[in-house]
Amino acid sequence: MDDNIFEKLRILSDAAKYDVSCVSSGVERKNNSVGGVGNSSAAGICHSWSTDGRCISLLKILLSNDCIYDCKYCLNKVTNPTKRATFTPEEVAELTIQFYRRNYIEGLFLSSAVVKSPDHTMENIYRVLELLRYKYNFWGYVHVKVIPGANSLLIQKTGMLADRVSVNIELPTKESLQILAPQKKVANILQPMSLIHNEISRTIEDKNYFKNVQRFVPGGQSTQMIIGATSDSDKTILNVSQNLYDKFRMKRVFFSAYIPVMSSPNLPAVSTMPPLLREHRLYQADWLMRFYYFNSEELFTEIEPNLDLEFDPKMMYALRHLDRFPIEINKASYEELLRVPGLGVTSAQRIIRERKNAELSYDSLKKIRTVLKRAKYFITVKGKYYGNVKLEPDAIKDEIRMKEVQKQISIFELL
Ligand code: SF4
């Protein structure tokens, strides 16, 4: 690799590390071509994760960091005197293939700053895909960024060749965008999301009638929101996420704890720690919305617009709605079981299945590997309550805290 390309790779892979929306699951693109290389299905797109949780199995780079925008939180903003680099589409395609053949990567995650204009940037991203798919016959996983404000036709063409795309919303409100990313407009972000959603639906529908229809972004679309750069509450963030899931069938909304790299009166001080626990709670809440039939509104109260940092969102929901508990394990519906803290999808399914054979006892729950450590405060089994404390929020919280302390002491004693 020549020094120039190596230097670009160093700059542009480093600049890409702040983008977390790069999971590669849920894709089954098959390589049907003769002599083609790469197969996202066969390879399984197994991605590994770096210690800070970022995906590292893909070649994750920016096409360019030479941005014309001035988002206050970003190292690549036009007013920041950072070193700039731009790949040509040919260079990115060539690098991907070289890395793939050396077995370093299984696919590509390509994002970009806005170079010259949204259309110019989108066109170059499309060109990378075109080269990979048609010149190199590469049918491995490719996730690309859609640039808000780019021409719809370009986005359509890109989506026909990509496995997954993402349009980053970055901040949850118009006001926050106005303060921190004034060149970004809500309409320019929502419009491509809507277009992508419609195209996905259209090709799924067409597939019912025509066997050979090529699917538009078979891995769906995702987006990313920065957490903690503004004063937006968790409730605002999750309400927006809920809307994106409902309206555009978004595959994932990723949350990225803001890492203070830039100084600005509108941003947290550079010495502020990234809100990683908050990010973790948001992911837990997001999980509840996607797999446990929770609505974002249910996770908050009028006076508590942020998730609790001590207890997880499902526990807090249960503690706030103790009038709905305890539920009888032998009678509760699947949806009710899912609302019990400590019971996951697998446990709830197992309970439903096993109780068809015989009424479940506390011991039989343990035998079918139900974790009751937290669940016991919110259930009855054959009418009996096993919580050992009064069914009230403070009593349950104190009991859980005490158990945690005991656990920690016993761990120390083992050392
Ligand atoms: S558009 Fe904004 S966030 Fe994206 S690279 Fe440019 S300055 Fe950074």
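**Salt bridges and the buried face of helix α12**

Glu199, at 11% relative accessibility, counts as buried, a term reserved for residues under 20% relative accessible area, with exposed meaning over 50% and partly exposed in between (1.4 Å probe, protein chains only). The model is predicted, so that local features need pLDDT of at least 70 and side-chain atom pairs count only at pLDDT 80 or more, while totals for chains, interfaces and linings use all residues. Residues are numbered from 1 along each chain as its sequence is written, and side-chain values use heavy atoms, with hydrogens and water left out.

Glu199 forms a salt bridge with Arg202, the closest N and O atoms being 2.8 Å apart. A salt bridge is here a side-chain nitrogen of Lys or Arg within 4 Å of a carboxyl oxygen of Asp or Glu. Both residues belong to helix α7 (residues 186-207), where a spacing of 3 residues separates them by about one helical turn. Helices (H or I, at least four residues) are DSSP runs numbered from the N terminus, as are strands (E, at least two). In contrast to the buried Glu199, Arg202 is partly exposed at 39% relative accessibility.

A salt bridge also joins the side chains of Asp398 and Arg401, with an N to O distance of 2.9 Å. These two residues lie 3 residues apart in helix α14 (residues 393-414), and are therefore separated by about one helical turn. Asp398 is partly exposed, with a relative accessible area of 44%, and Arg401 is likewise partly exposed, at 33%.

The salt bridge between Arg339 and Glu298 (2.8 Å, N to O) is formed by their side chains. Because Arg339 lies in the loop between α11 and α12 and Glu298 in the loop between α9 (276-291) and α10 (313-320), the pair ties together parts that are 41 residues apart in sequence. Arg339 is buried, its relative accessible area being 13%, whereas Glu298 is partly exposed at 25%.

In total, the structure holds 18 salt bridges. Salt bridges also link Glu7, Arg10 and Lys83 in a network.

Helix α12 (residues 345-354) has Ser347, Ala348, Arg350 and Ile351 as its buried residues. These residues cover an arc of only 160° around the axis and therefore lie on the same side of α12; the arc is that of the directions from the helix axis to the C-beta atoms. The elements that cover the buried residues of α12 include α11 (334-338) and α13 (362-367), contact being defined as heavy atoms within 4.5 Å.
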